[in-house]
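Subject: Structure handover

Hi,

Here is the structure I promised to pass on. Please open it alongside this note.

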Amino acid sequence: MAVIWAGCGGDGSGPARRPATTFVEPLAGTLNQTFYYLNYVDELSGAGLRDFACGSKTYDGHQGTDITLANFAVMDSGVAVRAAAAGMVLTTHDGEFDRQKQWITGAIANYVAIRHPDGLVSWYLHLKKNSIAVGIGQQVEAGDLLGYVGSSGFSDIPHLHFEVRDTAGVVDPWAGACGATESRWSPQLPYQSTFSLNDAGLTGLSLTLDLAKDPPAAKSVFTTGDPQVSMWVQLLNAPGGSQLEFRLYRPDDSLYFTMSSTLPRFYGISWWWAWHAIPGYLTAGRWRMQFLHNGVMLAERAFDVIDGPQVIRRSAGARAGTGGGSAGADRAWWPDQSSKLLGPRKGLGRFDSYTLPPPRLP
């Protein structure tokens, strides 16, 4: 716990200043396994955005640090939020719905605020319902349990919004070329901007962004009567200009179908998917779907198609489609808008750009 200094300074000139608060990691678990740093403080007061490292891992007007979990299943497992520094609990709020998947204006978060000896106040928002473990006026040490990560209030993924304030407003605890000169973290983590594929899976459901954030159980066996097969991926720190591609391979390993797209800008966390109709198109056997980023295959899922109880004719509806999007302020996502590909034709999905070779029909 930080020491509160009182009395005269060493030179007798007056009260000595209290030591500046420094913070430790507020989440339990392992960085880039249990949780990920998604958004930093927006350093620009006006239009535009810029984080402490002069990057774009923020959104316009963001006043804290967002530390996110991979999905709601991780949230359900229980990820502890801990006091990042010693102090007194200033206020709390609990009891709000904690599984928000869309930003809802006016939604109230579950939260804890702690006043530190030097006057700084740290806020911990979007906590899980009925998980707050401290009360107003309680003294806490760094590392003490405050609650658990949720998605309550103005939130659309399970995450902790960690915010620091003083009497003048927001204090960015991160030091960098476009931020503070001295860090308030002990220690300060490296800037989190490395691209990675975090998760992938197959489902027979028609995906939406909300469903992708809380993915269904993986499926590996389909029948010739099932409506479709979908492959989804979750990406972290995808740069603008990234080339995304989904490929579908026949049981004889020949390429059956491909769908590709170019990302128009950086995405901190995002979900993308492609699907293909089964009835009348996919015959019995073991098929494969792949996801490639800039030509490098990052995920592959094999699945079996077995004969249904009767012969299924091709549907007159859409043959295939794509979709995807991201979290938070980037929720200008592309809903699934399929095209009827009964012959060679472009117009698949709503990615900003893509190339679609003429499909070879079976």
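Below is what turned up, grouped by region.

Before anything else: this is a predicted model.

**Nonpolar cores**

The largest nonpolar core has 32 residues. Seven of them touch the most other members: F23, V81, V112, Y124, L146, L160 and F162. Five elements each supply at least two residues of this core: β1 (35–39), β2 (65–69), α1 (72–77), β5 (111–115) and β9 (159–166). The largest share comes from β9, with three residues. Another core lies apart from this one. That second core has 30 residues, including F222, L248, M259 and F291. As background, nonpolar side chains in soluble globular proteins tend to be buried together.

**Strands β4, β5 and β6**

β5 pairs with β4 (residues 87–93) in the antiparallel sense, over five bridges. Here H93 has Y111 of β5 as its bridge partner. β5 also pairs with β6 (residues 121–125), again antiparallel and over five bridges. In that pairing, V112 is bridged to Y124 of β6. V112 and Y124 are also both on the list of core residues that touch the most other members. β5 and β6 form a hairpin, with five residues between the two strands. G119 sits in the turn and has a positive phi of about 100°.

**Aromatic pairs**

A search of the whole structure gives 21 aromatic pairs. Two are worth pulling up on screen.

Take F52 and Y191 to start with. Their ring centres are 5.7 Å apart and their planes are at 80°, so the pair is edge-to-face. The pair links distant parts of the chain, 139 residues apart. F52 is in the loop between β1 and β2. Y191 is in the loop between β10 (169–170) and β11 (196–203). Which of the two counts as buried, and which as partly exposed? F52 has 3% relative accessibility, so F52 counts as buried. Y191 has 27%, so Y191 counts as partly exposed.

Then there is F162 with W185. This pair is tilted, at 5.5 Å centre to centre and 45° between the planes. It also links distant parts of the chain, with the two positions 23 residues apart in numbering. F162 belongs to strand β9, while W185 is in the loop between β10 and β11. Both F162 and W185 are buried.

The four rings above are part of a cluster linked by ring pairs. Its members are F23, F35, Y37, Y40, F52, Y124, F162, W174, W185 and Y191.

**Charges over rings**

K101 lies over the face of F72, at 5.6 Å from the ring centre. R288 lies over the face of Y249, at 4.4 Å from the ring centre.

**Three buried polar residues**

H161 is in strand β9. Its relative accessible area is 9%, under the 20% cut-off, so H161 is buried. The side chains of H161 and E163 are joined by a polar contact of 2.7 Å. Leaving out residues up to four places away in sequence, H161 touches H62, Q63, G64, T65, D66, W123, Y124, L125 and H126.

T68 is in strand β2. With a relative accessible area of 1%, T68 is buried. What does the side chain of T68 reach at 3.2 Å? The backbone oxygen of P158. Beyond four places in sequence, T68 touches T34, F35, Y36, L38, I157, P158, H159 and I269.

D214 is in the loop between α2 (209–213) and β12 (221–223). At 18% relative accessibility, D214 counts as buried, because the cut-off is under 20%. D214 and A73 are 141 residues apart along the chain, yet their C-alpha atoms are separated by 7.1 Å. Setting aside residues up to four places away in sequence, D214 touches F72, A73, R99 and K101. Two of these contacts, F72 and K101, are the ring and the charge of the pair described above.

Over to you.

How values were computed:
Residues are numbered from 1 along each chain as its sequence is written. This is a predicted model: local features need pLDDT of at least 70, side-chain atom pairs count only at pLDDT 80 or more; totals for chains, interfaces and linings use all residues. Side-chain values use heavy atoms; hydrogens and water are left out. A nonpolar core is a set of buried Ala, Val, Leu, Ile, Met, Phe, Trp, Tyr and Cys residues joined through side-chain atoms within 4.5 Å. Buried means under 20% relative accessible area, exposed over 50%, partly exposed in between (1.4 Å probe, protein chains only). Helices (H or I, at least four residues) and strands (E, at least two) are DSSP runs, numbered from the N terminus. Two strands pair if DSSP finds at least two bridges between them. A polar contact is a pair of N or O atoms within 3.5 Å; within protein, one must be able to donate a hydrogen and the other to accept it, and residues adjacent in sequence count only if both atoms are side-chain atoms. Contact means heavy atoms within 4.5 Å. Rings of Phe, Tyr and Trp (its six-membered ring) pair if their centres lie within 6.5 Å; planes under 30 degrees apart count as stacked, over 60 as edge-to-face and the rest as tilted. A charge sits over a ring if NZ of Lys or CZ of Arg is within 6 Å of the ring centre and within 35 degrees of the ring normal.
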